[in-house]
Amino acid sequence: MSVKNTVLSFLFVCSGLLAFAQEEGQEEVPPYQTMYDDPYDIRNLYLHFQPLYGDVGVLNITGGFGLEGNYYHKSLFDVQLALRSSYGRRFDINRDAASRNATNTDNFPLFFAIEFGGTYHIRDIMTESSSKVLLYSKNLKGTDWASTVARHAEINGKLRTIIGARLGGMFYSTTADVNAILAAQDKELFYENGIPVVGETLYSNFQSFIIYAGGSYSWIRNYAVEFSERWDPSGDDMILTPYFDIMLAPMNNLADVTLSSATVSTGPIDMLAMGFRGGLQARFNRTLGWSYNVEAGVRPGIKKRGFYVLFKMSFPVWGKKLKSAETTTEGTEN
């Protein structure tokens, strides 16, 4: 293809894209009426049942269920309590492997984690913003809806933003593959007489207490609109919170392993005192809803075994307003 034809083809594609962009940008929003719009008037207590979580880490891989609660105290602070545990041995990789392969005679309890923390609202204000909602009609069913190009409407409304300071603690207990740890750290364990332990398949129980501190930035919308055309009422009531924490473990404990002839100390294994995590949590301001939480980082515990990715899905989530929240048109700044 000649350079001339290439240039002409490029200009043709660009002009088409530009025309499409202009047409998209000039699309009119259907007439609508705001039914309510107050991101401060939200439910302040949320109770989560988590039928599914997945914790994929270098130290261990587990899957199971959990419970969680969140409470918002006006515009001052919010707190949360969460706990989770594996479904059973087959959803706890190291525990299952230890029960089948370990040559040491220790017991291996199921995975368990509990976390409690709070967020102080350093800056909690309300501004004007806009967001998009999907235009949908229940009259469009089956092939009618499938053949309809999904449209969105840009709605002007209020946005509540919270800059928060986070502080809390957590405790977790899990089964650790001692052989994998020794290989990663290039270490050996020894009997009391100084002879190295070889030819054994060793697992141990690991426990850690962690203190964390960090920050978060929340976006809260809470509005509903009614369209004058064929579209059904719509709105946005999402509470979206990205966060980042620095974690410190004042207590890490890897239990000694018990063999038939002796107890072997795990003292030579190096611990990891500090770590970090970043995550995103989303929920909805509804009486009955759902939410999700995903985070990743390096968890304090055992050196070179700290990296993990955690995903939690909550359904159902019950939301309740304990008492009437104070509403405002300007927001507050602490």
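Okay, one definition before anything else: when I say buried, I mean under 20% relative accessible area, with exposed being over 50% and partly exposed in between. By that yardstick, 41% of the 334 residues of the protein chain are buried. And please keep in mind that this is a predicted model.

So, the overall picture. The protein chain has 4 helices and 18 strands. If you take the contacts with a separation of 6 or more, 77% of them come from residues 24 or more positions apart. On the outside, the chain exposes about 17800 Å², and 60% of that is supplied by carbon and sulfur atoms.

Let's start with some strand pairing. Strand E4, residues 77–86, pairs with E3 in the antiparallel sense, over 10 bridges. If you want a register check, find Asn 70, whose bridge partner in E4 is Gln 80. E3 and E4 make a hairpin with 3 residues between them. Have a look at Lys 74 in that turn, because its phi is positive, about 50 degrees. On to the next pairing: E4 is also joined to strand E5, residues 112–135, by 9 bridges, and those two run antiparallel as well. There, Leu 83 stands opposite Ile 114 in E5.

While we're on E5, let me stop at Ser 131, which is found in that strand. Is Ser 131 buried or exposed? Its relative accessibility is 9%, so it counts as buried. Its side chain has a polar contact of 2.6 Å with the side chain of Tyr 223. Leaving aside neighbours within four places in sequence, Ser 131 also touches Ala 153, Glu 154, Ile 155, Arg 221 and Asp 236, along with Tyr 223 itself.

Now the charges, which I guess is what this group came for. As a general point, side chains of opposite charge can pair when their charged atoms come close. In this model there are 14 salt bridges. I'll go through three.

Number one is Lys 312 with Glu 68, where the closest N and O atoms are 3.5 Å apart. That pair links distant parts of the chain: Lys 312 sits in strand E17, residues 307–320, and Glu 68 in strand E3, residues 61–73, with 244 residues separating them. Lys 312 has a relative accessible area of 6%, so it is buried. Glu 68 is buried too, at 6%.

Next, Asp 245 and Arg 277, with N and O coming to 2.9 Å. Again this ties together distant parts of the chain, with Asp 245 in strand E10, residues 238–254, and Arg 277 in strand E14, residues 274–284, 32 residues apart. How accessible is Asp 245? It comes out at 0%, so buried. Arg 277 has a relative accessible area of 1%, so that one is buried as well. And the pair isn't on its own: Glu 115, Arg 166, Asp 245, Arg 277 and Glu 295 are linked in a network of salt bridges.

Last of the three: Asp 96 and Arg 89, whose side chains meet at 3.3 Å, N to O. Here the two partners fall in separate classes, since Asp 96 is buried at 11%, while Arg 89 is partly exposed at 37%. Asp 96 belongs to helix H2, residues 93–101, where the buried residues are Asn 94, Arg 95, Asp 96, Ala 97 and Ala 98. E6 and E7 are among the elements covering those buried residues.

Which brings me to the greasy part. The largest nonpolar core has 26 residues, and the ones touching the most other members are Leu 189, Ile 269 and Ile 302. Which elements give two or more residues to this core? Strand E6, 151–177, helix H4, 178–185, strand E7, 203–220, plus E10 and E17. We met E10 as the home of Asp 245, and E17 as the home of Lys 312.

Zooming in on Leu 189, and skipping residues up to four places away in sequence, its contacts include Val 178, Leu 182, Ile 195, Val 197, Leu 202, Val 264 and Ile 269. Some of the others on that list are Ser 265, Thr 266 and Pro 268. Apart from this core there's another, of 9 residues, and among them are Leu 135, Leu 140, Ala 153 and Trp 231. You've heard Ala 153 before, as a contact of Ser 131.

That's my tour. Questions?

Terms used:
Residues are numbered from 1 along each chain as its sequence is written. This is a predicted model: local features need pLDDT of at least 70, side-chain atom pairs count only at pLDDT 80 or more; totals for chains, interfaces and linings use all residues. Side-chain values use heavy atoms; hydrogens and water are left out. A salt bridge is a side-chain nitrogen of Lys or Arg within 4 Å of a carboxyl oxygen of Asp or Glu. Buried means under 20% relative accessible area, exposed over 50%, partly exposed in between (1.4 Å probe, protein chains only). Two strands pair if DSSP finds at least two bridges between them. A nonpolar core is a set of buried Ala, Val, Leu, Ile, Met, Phe, Trp, Tyr and Cys residues joined through side-chain atoms within 4.5 Å. Contact means heavy atoms within 4.5 Å. A polar contact is a pair of N or O atoms within 3.5 Å; within protein, one must be able to donate a hydrogen and the other to accept it, and residues adjacent in sequence count only if both atoms are side-chain atoms. Accessible areas come from the Shrake-Rupley method with a 1.4 Å probe; for residues, only the protein chains shown count as cover.
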